[in-house]
Amino acid sequence: MSLHIRPATLADAPAIAPLFDAYRQFYEQLADLAAAQRFVHERLERNESVILIAQDDAGAAVGFCQLYPSFCSVEAAPIYVLYDLFVAPSARGQGAGRFLLLAAEDHARRQGRVRMDLTTAHTNHAAQALYEAMGWELDTVFRAYTRRVG
């Protein structure tokens, strides 16, 4: 299988939504295709994120990654937060995750971002192995916290 990776457009939202819904389920959220469709559509419509879509030879969406623009105050420079990366189970083991990460890095470089940050579950060992094999560095300096506000 060969892959084609490109920035998604608003017209791609219906193809990305099932993958996004599966991604959310991986992180123990209830299936909600309508919410996934709405969320992806809004991000693309409002230009609030960059979504890269991986398609197979037939044009079917088999993976995606989503980048959110942000800034690093310490470096006083723009960065991307690579918040979502997902490959359909049927397409795993064929390099889609690696190609999506490389495409994200290329896109970030072309957009003048100085780095990308990501987080993943402590139990997501397959993703961690990929990130580390590709030169991503585990942050051992900073501790991440979260607080629900709504």
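Start by selecting E105, which is partly exposed, with a relative accessible area of 34%. Keep in mind that this is a predicted model.

**Stop 1: the charged residues of helix α3**

Show helix α3, residues 96-110. With E105 still selected, add R109. Their side chains form a salt bridge, with N and O 2.8 Å apart. Why can these two meet? R109 and E105 lie four residues apart in helix α3, so about one helical turn separates them. An α-helix has 3.6 residues a turn, so residues three or four places apart point the same way. Check the surface next: R109 is exposed, at 52% relative accessible area.

Now add D106. A second contact of R109 appears here, a salt bridge between the side chains of R109 and D106 at 4.0 Å, N to O. R109 and D106 are three residues apart in helix α3, which again puts about one helical turn between them. D106 is partly exposed, with a relative accessible area of 32%.

Stay on D106 and select R110. The closest N and O atoms of this salt bridge are 2.9 Å apart. D106 and R110 are four residues apart in helix α3, about one helical turn. R110 is exposed, at 55% relative accessible area. Display E105, D106, R109 and R110 together: salt bridges with shared partners join them into one network. How many salt bridges does the whole structure hold? The search finds eight.

**Stop 2: helix α1**

Move to helix α1, residues 13-26. Helix α1 has 14 residues. Put a distance label from its first C-alpha to its last: the span is 19 Å, close to the 20 Å expected at 1.5 Å a residue.

Which residues of α1 are buried? Select A13, I16, A17, L19, F20, D21 and Y23. Then bring up what these buried residues pack against: α2 (33-45), β2 (50-55), β3 (61-72) and β4 (77-87).

Step just past the end of α1 to E28. Look at its backbone: E28 takes a positive phi of about 65°.

**Stop 3: aromatic rings**

Select Y23 again and add Y27. A pair of aromatic rings is described by the distance of the centres and the angle of the planes. The structure has nine aromatic pairs. Y23 and Y27 make one of them, edge-to-face, with 5.3 Å from centre to centre and 65° between the planes. Buried or exposed? Y23 is buried, at 9% relative accessible area. Y27 counts as partly exposed, at 30%.

Widen the selection to F20, Y23, F26, Y27, F39, F64 and F86. Ring pairs link these residues into a cluster.

**Stop 4: charges over rings**

Stay with F39 and add R43. R43 lies over the face of F39, 4.5 Å from the ring centre. F39 thus takes you back to the cluster, of which F39 is a member.

For the last view, select R113 and Y80. What sits over the ring of Y80? The charged end of R113 does, 4.4 Å from the ring centre.

**Views to save**

- The network of E105, D106, R109 and R110, joined by salt bridges.
- Helix α1 with its buried residues, among them F20 and Y23.
- The ring cluster, including F26, F64 and F86.
- R43 over F39.
- R113 over Y80.

Definitions and conventions. Residues are numbered from 1 along each chain as its sequence is written. This is a predicted model: local features need pLDDT of at least 70, side-chain atom pairs count only at pLDDT 80 or more; totals for chains, interfaces and linings use all residues. Side-chain values use heavy atoms; hydrogens and water are left out. Helices (H or I, at least four residues) and strands (E, at least two) are DSSP runs, numbered from the N terminus. Buried means under 20% relative accessible area, exposed over 50%, partly exposed in between (1.4 Å probe, protein chains only). The expected span of a helix is 1.5 Å times one less than its number of residues. Contact means heavy atoms within 4.5 Å. Rings of Phe, Tyr and Trp (its six-membered ring) pair if their centres lie within 6.5 Å; planes under 30 degrees apart count as stacked, over 60 as edge-to-face and the rest as tilted. A charge sits over a ring if NZ of Lys or CZ of Arg is within 6 Å of the ring centre and within 35 degrees of the ring normal.
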